[in-house]
Amino acid sequence: MPTTVIHSIRSLVTNDPALGRGPLGLVEDAAVVLDGEEVAWVGPSAGAPAADEAYDAQGRAALPGFVDSHSHLLFAGDRTQEFNARMEGRPYEAGGIRTTVAATRAASDEALEANLGRYLAEALRQGTTTFETKSGYGLTTEDEARALRIAARHTDEVTFLGAHIVSPDYATDPAAYVALVTGEMLAACAPHARWIDVFCEKGAFDGDQARAILTAGKAKGLHPRVHANQLGHGPGVQLAVELDAASADHCTHLTDADVDALAHSDTVATLLPGAEFSTRAEWPDARRLLDAGATVALSTDCNPGSSFTSSVPFCIALAVRDMGMTPDEAVWAATAGGAAALRRTDVGRLAPGARADLALLDAPSHVHLAYRPGVPLVSAVWRRGARVA
C-alpha cells in the first residue's frame, strides 16, 4: 500500500497524552501519516513528512475509528411490534429474545450473513472500524456454532453467548440447558470465538449458573464478558470482577460495592445508552463510575430488541446529555474505552504503531458529535490504512 498523509486537520484526537493536549492528546492543525495498515507519524501539519499520496482534511476534525465492543448482529427477523408496544407502556423484559430466536433458527446462513454485512456497512459509514459481535439467537449447538462461524469471517472479536436466555426447548429444565452450554455447545463453539458472555439477570441466568458457564468457557480458552446489572441489582458486576472479565456491560443498577469493585479492577464498565433510550429505562450513572476511577466504555448494543442502532455518535450524544459525561469523556469511552473493553492496544488511538483506523468529521471539533446529535458528521473513514467510506 502507498503511504498517505492526511493533513490540515483542525483538531486531531490521538488518545495519547504524550502527543498532545489533555487526556485526548489533542493536536491542533495536525497531520497523520498512514503506512500500510499502521500509523507511521502524528504531529503538526507543517512538519509532516512526505508521503506517496496526500489527502486535504480542509480543517475538519479527526479521531480514531470507533470501537464498538458490544453488539448482537447475528440475527434474523424484526421486533417492531414489541418496540411499539413498549412505547405504549409495556416494560422491557429479557424474554422478548425468544421472538428473535425463532426467526434466527429459521433463517439460512446466507440470510444471516447478508444481514450482518448490511449492519456492518451501516456502522462503518458512521465511523466504526472495530466491532465485537455475539451469538445468542440460536440457542442450539448447531445454530450457535453457525452464527460464530459467520461472525468470524468478519471480525476477530467474536463472543459465544449461548447463555443469552434459557433456550425455549429447555424452559422446564434450566439445569439441563446450562449443562448443554457448558458441554457440547461450548465444545462446538469455542474454536470460533475469543470471548464467552452470559446474561446474568432475573429471567436469564443467576449468579451460580453464570459462574459455571464462564468458568467452563475459561477452561476452553475463552475470556469472560458479562451482561451485568441491566434490569436490576444482582451479582453480575461482582462476578465479572471476580473472574477478571474484560467488561461488565450495561451497569445500570450498581451498589457502592459494585462501583468500588470496578474502580479497583481491570474490568471495564461498558455502558450502552441505546438500550436505555429504546426501553425508557433508568440511565446508567457514568459520572459516578468515572469519579470513582473506573474505566468506562460506550457501545451501541445493536440488537433487534432493545437497542436497534449501529450509531456510536448517537450513543455519544446520549451519554453526554443523559449520563453525566463530558464530550471528551464520551469520545474517549467510544474509542480508547472500547479498545480497553476488548483488551486491545492497537485500536482506539492514533499514534505511531497503532492500526490506521481514522474517522474524519464534517466539523471542526469532536465536540460536535454531542453538539449536533443525529447529524451524519462522519465524512470519511480509513480502516487498516485504506479509505473505506
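Okay, quick one on terms before we start: helices and strands here are DSSP runs, at least four residues for a helix and at least two for a strand, numbered from the N terminus. Counted that way, our chain has 13 helices and 17 strands. Keep in mind that this is a predicted model.

So, overall shape. The radius of gyration is 20 Å, close to the 21 Å that the globule rule gives for 389 residues, so the chain is as compact as a globular protein of that length. If you lay the C-alpha trace along its principal axes, the span is about 70 × 45 × 45 Å. Buried residues account for 57% of the 389. And if you take contacts between residues at least 6 apart in sequence, 69% of them join residues at least 24 apart. On the outside, there's about 14500 Å² of accessible surface, with 51% of that belonging to carbon and sulfur atoms.

Now, the insides. How many cavities of 30 Å³ or more are there? Two. The largest has a volume of about 100 Å³. Its lining has 14 residues, and the closest to the centre are His72, Tyr92, His164, Asn303 and Ser306. By type, that lining splits into four nonpolar, eight polar and two charged residues.

The second largest cavity holds about 60 Å³. Among the residues lining this one are Asp68, Tyr119, Phe131 and Cys302. Two elements give two or more residues to the lining, α3 (109–125) and β7 (128–134). Which of the elements gives the most? That's α3, with three residues. The lining of this second cavity divides into six nonpolar, four polar and one charged.

Conventions: Residues are numbered from 1 along each chain as its sequence is written. This is a predicted model: local features need pLDDT of at least 70, side-chain atom pairs count only at pLDDT 80 or more; totals for chains, interfaces and linings use all residues. Side-chain values use heavy atoms; hydrogens and water are left out. On a 1 Å grid over the protein atoms alone, a cavity is a set of points where a 1.4 Å probe fits but cannot get out, and a pocket is an open set with protein on both sides within 12 Å along at least five of seven lines; lining residues have an atom within 4 Å of a point. Grid points are joined across faces, edges and corners, and a volume is the space filled by probe spheres set on the points. Ala, Val, Leu, Ile, Met, Phe, Trp, Tyr, Cys and Pro count as nonpolar, Asp, Glu, Lys and Arg as charged, and the others, Gly among them, as polar. The radius of gyration is taken over C-alpha atoms; the globule rule is 2.2 Å times the number of residues to the power 0.38. Buried means under 20% relative accessible area, exposed over 50%, partly exposed in between (1.4 Å probe, protein chains only). Contact means heavy atoms within 4.5 Å. Accessible areas come from the Shrake-Rupley method with a 1.4 Å probe; for residues, only the protein chains shown count as cover.
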